[in-house]
Amino acid sequence: MRLAPVDYSIILVYFAFVLTIGWMLKKYMLTSTDFFLSGRRIPSWITGLAFLSANLGALEMMGMAASGAKYGMLTSHFYWVGAIPAMVFVGVWMMPFYYGSRARSVPEYLRLRFDEKTRGLNALSFAVMTVLMSGINMYAMAVVFRVFLGWPIHASILVSAVVVLIYTYLGGLTSSIYNEVLQFFLIVLGFAPLTIMGLRHIGGWEGLVARLNNPGMVSSWRVLADSSSNSMGVNWFAMVMGLGFVLSFGYWCTDFLVVQRAMAARDMTAAQMTPIIAAFPKSLFPFLIIVPGMIGIALMPDIATSSSGYNEALPRMLQQFYPSGLLGLGITALLASFMSGMAGNVTAFNTVFTYDIYQSYIRPKRSDEHYLAVGQWVTLLGVWMSVGTAYIVMQFNNLMDYMQLLFSFFNAPLFATFLLGMFWKRATATGAFFGLVAGIGAAMAHHLLNTRHVLHYASDMAANFYGAMAAWTTCFIVTIIISAMTPAPKEADLRGLVYALSDKPPSVALPLYRRPLFWGVIVLAFVTWMNIKFW
Amino acid sequence: MDNRKRPTSVTVIAWLVIAGSVLGLVALLFTIPLLGRHAGSIILGSLVSTVIGVIVGKAMLKGLNWGRVSYLFLQPAGIVLGGFLSRFGPKHVLATFVYTVFLVLLTQPAASAFFGRGHSPQPRPATTGGYGPDLRIFIGWMFAILGGILTAFGLFSPSTRAPWTRSNVNAEWGIVLLVFAAIMLGLGYRAQVASRAPEQRQSHRG
């Protein structure tokens, strides 16, 4: 694929706008709350779209299209069974505690609810993993641009890193959020023609079904009766519990990268609406990402045996359907997805590092200006650590898989800790800490047993789902047992932090159509219908 | 008499910019025999960048804000251009790292105050954007430009096709982007006008 001058001009216009946003917001960054939390004054439609966009990294876009090409509509479970119910749950039931506690980060909520050591464990693991994931994303994107556009790998890494650095450094979380919204529209309007033209070319949905000639590719539930009847190697139980409950809830409900966007909202109702607003476009993403992957494999079956495998699905579709001009828009959308993912990681990293590590353990009780300056320097540090990681991953390619695996070890048990922390007032700090450690240990032990062939699964995906279930269950049970054996926390310390000891959120007094639960039910009804439609 | 104090970091960066520009030209003069048939244009380009570097450095020493802004925008462009002319490599990684450190130092409060851009509390309009101009106006203008480029390209080059496209998709999608941009701009400016109205009423009463 070769880009024409018109394509480059589109990329340059995009760069100019993202940098201008950072530059214009710089003058508003007067306090650390402005920089790290956007002064808690962003409206919900903006935080909602940013909540969604922060997750749209390069791996997500390329990976989901590849998954669509490989597994077909089974991939929709990541959205319609996994993400959407989790987003509704975090909005309606968990956000009142995150936002109402006035915690500035997810680890800080853990300190308020439990103690310092649980916060420390979460903050440290999150900071390290976030910056590593950012580097992995950066490397993945650079490889895509080298393979398909012939761009030098150093150039892709440096240009994108510097652009993200400038706008996050100047405008903090607000700049990141504003750009994520810009990037959201670019991603939607950049990829939508691919689905439209692809379906038109292949003869609509019926044409796609006929061309694929494989019922397993176009149904999402019928093939889940047992693990041998689908290419993913999982059955309905692993799908619902492993992916739908543990992994998706673990990510969307506890990962500070996305939760931070809701914390920047201007009031409690806006914070609650943030993930629910995000759920509406998210529920349509299978049509934007998975369907082009399916069209790709239907029209170009050689993708399965190509050098980059199913990862070629999205770039090859762009190549076949996008002429110069529109191709620039498509490539800019890919760039935008990468940059929004990276900026999300960087802003989450600088907040957790500054508040939960630096302010707590290194230099407490300094002035607000001091922490603002530290946050800006940490932005620089985070970006350069990501660049360093990208170069390390370049040398040791299998590191990428290990890092992602390690990341999954932390998220699944953390959801059990939060669930018990928010909805069971008897959960104690000691129980939470050792439950979390035991859950992470269980995930690692499960992985070892799997790689040593003690446990057998039909696919790596099935192993991931069962590993997550093992980690979650271990954390859940160990936390309950140890909490029961240790003295109960004082109720006065838990006010506003657990369900039984909190006031109802202000949204319950609003008219029905303005309540988060109302909209949550609507989006859940929609995805239920989608599940039935593609049964 | 201007009594703004120049931070040491600004002094060091400005002199490094000047020295780097001059030394780059001097080093180039020693390698003239190796430059081949493009020697003339390379020397001319280098001379221009040296002059710009010296002017920008001097402006920064004098506390002129355009010097700082010019440096912050021209330096990354220089690195990218240099990378494409001489293959990206470790030296460009190093140059980018140094640039980002300079970026942080040049935008610290003390440096901003020296350049006459010290922070003063900004009124934050409680519009849909929360900070600065309404975000929809940004989005609208970006898609207006992108839609304009696509539509114009589609109209001037109607035969441009991808292997599997049969119509002028550039013009078609360009118009879709323009319609989207118009909606965003309409919503953004309407909200801006609505948020100003109460303020104006307040000032009339005052």
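Me: Into which domains is chain B divided, and how many Å separate their centres?
Reply: This is a predicted model, in which local features need pLDDT of at least 70, side-chain atom pairs count only at pLDDT 80 or more, and totals for chains, interfaces and linings use all residues. Residues are numbered from 1 along each chain as its sequence is written, and chains are lettered from A in the order in which they are written. The bounds, which come from an automatic or database domain assignment, give chain B a domain 1 (8-114) and a domain 2 (135-196). Taken over C-alpha atoms, the separation of the centres of these two domains of chain B is 37 Å.

Me: Which orientation do H8(A) and H15(A) have to each other?
Reply: Helices here are DSSP runs of H or I with at least four residues, numbered from the N terminus, and axes are lines fitted to C-alpha atoms over the stretch in contact, with angles from 0 to 180 degrees between N-to-C directions. The axes of H8 (residues 153-202) and H15 (residues 326-362) of chain A come within 7 Å and cross at roughly 140 degrees. Angles under 35 degrees count as roughly parallel, over 145 as roughly antiparallel, 65 to 115 as roughly perpendicular and the rest as oblique. H8(A) and H15(A) are therefore oblique.

Me: Which helix gives the largest share of the side of chain B that touches chain A?
Reply: With contact meaning that C-beta atoms, placed from the backbone, lie within 7 Å, 42 residues of chain B are in contact with 47 residues of chain A. Helices H3 (65-85), H4 (90-106), H6 (135-156) and H7 (169-205) of chain B each give two or more residues to this side. The largest share, 10 residues, comes from H6(B).

Technical notes. Two residues are in contact if their C-beta atoms, placed from the backbone, lie within 7 Å.
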